[in-house]
Amino acid sequence: MHLQKPKGEVSPLSSPAETTASTATEVKVDATRDAMVAAIRTTLGACVVETLVKPGDDIWVRVTTESWCSSIQALKDAHSFDYFCFLSAIDWMPSPYGRGEDDPSEPAPVRDTVIRPGYTGGDTRMQMLVRLVNSVTHLGINIKADVPNDSFTVDSICTVFAGANWHEREAHEMFGIGFTGHPDLRNMYLPVDFEGYPMRKDFPLLARMVKPWPGIVDVEPLPGGTDDENESPS
Amino acid sequence: MTILNDPVPAKLGNRQQLSYIASQAADARLNVELETEGMTLNIGPQHPATHGTLRIIARLDGEQVVWAEPSCGYMHRGYEKLTEVRTFPQVTSLVNRIDWLGSFANEVPFILAAEKLMNVEAPPRAQWIRTILFELSRIANVSLFLGDLGVQMGAITPVFLAFRDREYVLNLIESATGGRFHPNFDRIGGLKDDLPAGWIDETKVVMKKLRNFCDEIETLLFGNEIFQSRTRGIGVIPRDVALQYGLSGANLRASGVDWDLRRDQTIPLAYDKVDFKVWTHPDGDSFARCWIRLQETREATKIVDQLLDGIPSGPVMAKVPKIIKVPEGEAWVSTENPLGEMGYYVVSRGDLGPFRVKIRSASFNNISITPWLLRGVYVPDIITILASLYFILGDIDR
């Protein structure tokens, strides 16, 4: 089938320059989401640090660490965000091990480990992330909050959404985040005596540390391109 | 976006009242310490009713469960960590293994999230074929559930019918993608390949067979008196509890929430081109959940039939660079997978691979309700309730 395809009509490959030119889009307005963000700002007041609306896509709201639980309760009560989708955390520190493609016999390269937060900003390394959805209007919202660098502890939202229980247990064992008020922070996946927090960026993926990743040869350099980091190891 | 639900929780029905009374009785035993010589029952991790390696620890008082807790992690593979050291195109082969009965459906939301960040949209033909394969994996997945349901209650016949008819669907998936269980067929910007010759006619024949299978199961199993008495009024989940625990898919619709991500969100798939019914059930018990899945399999065959009739021509791949670098940003995409809402929160740093991927799998939320749900039920009902919640172990542990 590969061989019989007409050439020219379908060309899956093109230079990167072609796609970047077409990404310039017109400014869109999303009245529903803008109105929702305005309403949330009124409800939560000073608890809101920053908001972001991507038209036709999603809402991001960052609240203060202290108001993490109460803000979510208020959003559930006042704006009927009653469907708990997920809770997780993000470690914004770039991994000192890169993507695990270093040759273990060579000295480790120096990497940029400056923390840059994502949408709606942030001042800490770890951030909480919760997604709630209104089960009637089906409008979703992503709520973020900073996790203090010194204690790595936030309030538990188990009292607001009972379903957050397991998600917080997962975040606790994977990121080492403490949840004040959680009834039972046992490990879900890992053995009881496991040391370290696997999803933190500074936790090395040991399989990649001891042996070079063979999959790197999958990425072929572009003809004429000068993408040095994609060169396969000799 | 339409407003379809009644936001006020419905009054408790008879069945819900009975279930509520049972759980209250279990609580009372614990609180008043009327508990007699209780025992701890360990189910699994190797048990035929656990579909893999789920272990359930149940504290019993007589025949009644007073406390139960599933113990996960026997199949944790750390996909969220592994995605951070893969390139974007490589991730699909990982996420294929999350829900292994409907693998193609796992790839789609991730690819859509990457496409959203790249501002690329697949050509119409690719979108239609994606939707067809998506529904085929739903049929393959849920038809096995319908057969397996009988086994949990001692009926052996349905599972043979299910394996027989699922094979037709797997053959279709194999002939289109090359993989029976793990297609790895979806690409950023489209699909790996076009459909083979004669595939459309073959699929229509199979869809007819699958509708017959649904009829067969309905008369054989759903009309069965034993099946009904084992599932009706058992494991009732009220609407607000289902929402609180983030139940999704058939489990949520069985509790009366009219919400289907295929219909209720704008997504670059061909669902807006077809006409299908979203079934809901007011009871929220085990029977309702099984019944919804049966109806969904029927609807899925109809969706596939409609899509096959109107499939547009054209390329199956958009213009994307050979080395895919996804621009910086964050994106959330979820789709209505066979097990429920499956979504990916993808954070990209303009690199070859994702910076962070949060995999929101349906079974994790669906099974997190079990400590609440199993309180007060009788031991044989544990098996039927777990079967009706329908989980895949790879989808819980990831």
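Q: If two strands pair when DSSP finds at least two bridges between them, what makes β5 and β6 of chain A a pair?
A: Strand β5 (residues 126-133) and strand β6 (residues 140-147) of chain A share eight bridges in the antiparallel sense, so the requirement of at least two is met. Within the two strands, Leu129(A) stands opposite Lys144(A) in β6(A). This is a predicted model, in which local features need pLDDT of at least 70 and side-chain atom pairs count only at pLDDT 80 or more, while totals for chains, interfaces and linings use all residues. Residues are numbered from 1 along each chain as its sequence is written, and chains are lettered from A, and ligands numbered from 1, in the order in which they are written.

Q: Why do β2 and β4 of chain A stand at the edges of their sheet?
A: The open sheet has five strands, in the order β2-β3-β6-β5-β4 (chain A), with mixed pairing. In that order β2 (48-54) and β4 (83-91) of chain A each have a single partner strand, so one side of each is left without a neighbour in the sheet. Neighbouring strands are turned by 20° against each other on average, direction ignored.

Q: How do you know how many helices and strands chain A has?
A: They are DSSP runs, numbered from the N terminus, with at least four residues for a helix (H or I) and at least two for a strand (E). Chain A comes to five helices and eight strands, which run β-α-α-β-β-α-β-β-β-β-α-β-α from the N terminus on.

Q: What makes the direction of helix α2 roughly parallel or roughly antiparallel to β2 in chain A?
A: Angles run from 0 to 180 degrees between N-to-C directions, with axes fitted to C-alpha atoms, for helices over the stretch in contact; under 35 degrees counts as roughly parallel, over 145 as roughly antiparallel, 65 to 115 as roughly perpendicular and the rest as oblique. Helix α2 (residues 31-44) of chain A lies across β2 and β3 (58-63) and runs at about 170° to β2(A), so the two are roughly antiparallel. Helix α3 (residues 68-79) of chain A also packs on the sheet, touching β3, β5 and β6, and makes about 15° with the direction of β5(A).

Q: Why is Leu339(B) called buried?
A: A residue is buried if 20 or more other C-beta atoms, placed from the backbone, lie within 10 Å of its own, exposed if 12 or fewer, and partly exposed in between. Leu339(B) has 32 such atoms within 10 Å and is therefore buried, although it is found in the loop between β7 (329-337) and β8 (340-348) of chain B. Its contacts (C-beta atoms within 7 Å), leaving aside neighbours within four places in sequence, include Asp99(B), Gly249(B) and Tyr390(B).

Q: What makes a set of residues a nonpolar core, and which have the most contacts inside the largest?
A: The set consists of buried Ala, Val, Leu, Ile, Met, Phe, Trp, Tyr and Cys residues joined through C-beta atoms within 7 Å. The largest has 164 residues, with Leu132(A) and Ala114(B) having the most contacts inside it, and helix α5 (residues 124-152) of chain B gives the most to it, with 14 residues.

Q: How do you know whether α5(B) is roughly parallel or roughly antiparallel to α14(B)?
A: Helix α5(B) and helix α14 (residues 379-389) of chain B pack at about 180°, with axes 10 Å apart, and that makes them roughly antiparallel. The contact is made by Asp148(B), Leu149(B) and Gln152(B) of α5(B) and Ile383(B), Thr384(B) and Ala387(B) of α14(B).

Conventions
Contact = placed C-beta atoms within 7 Å.
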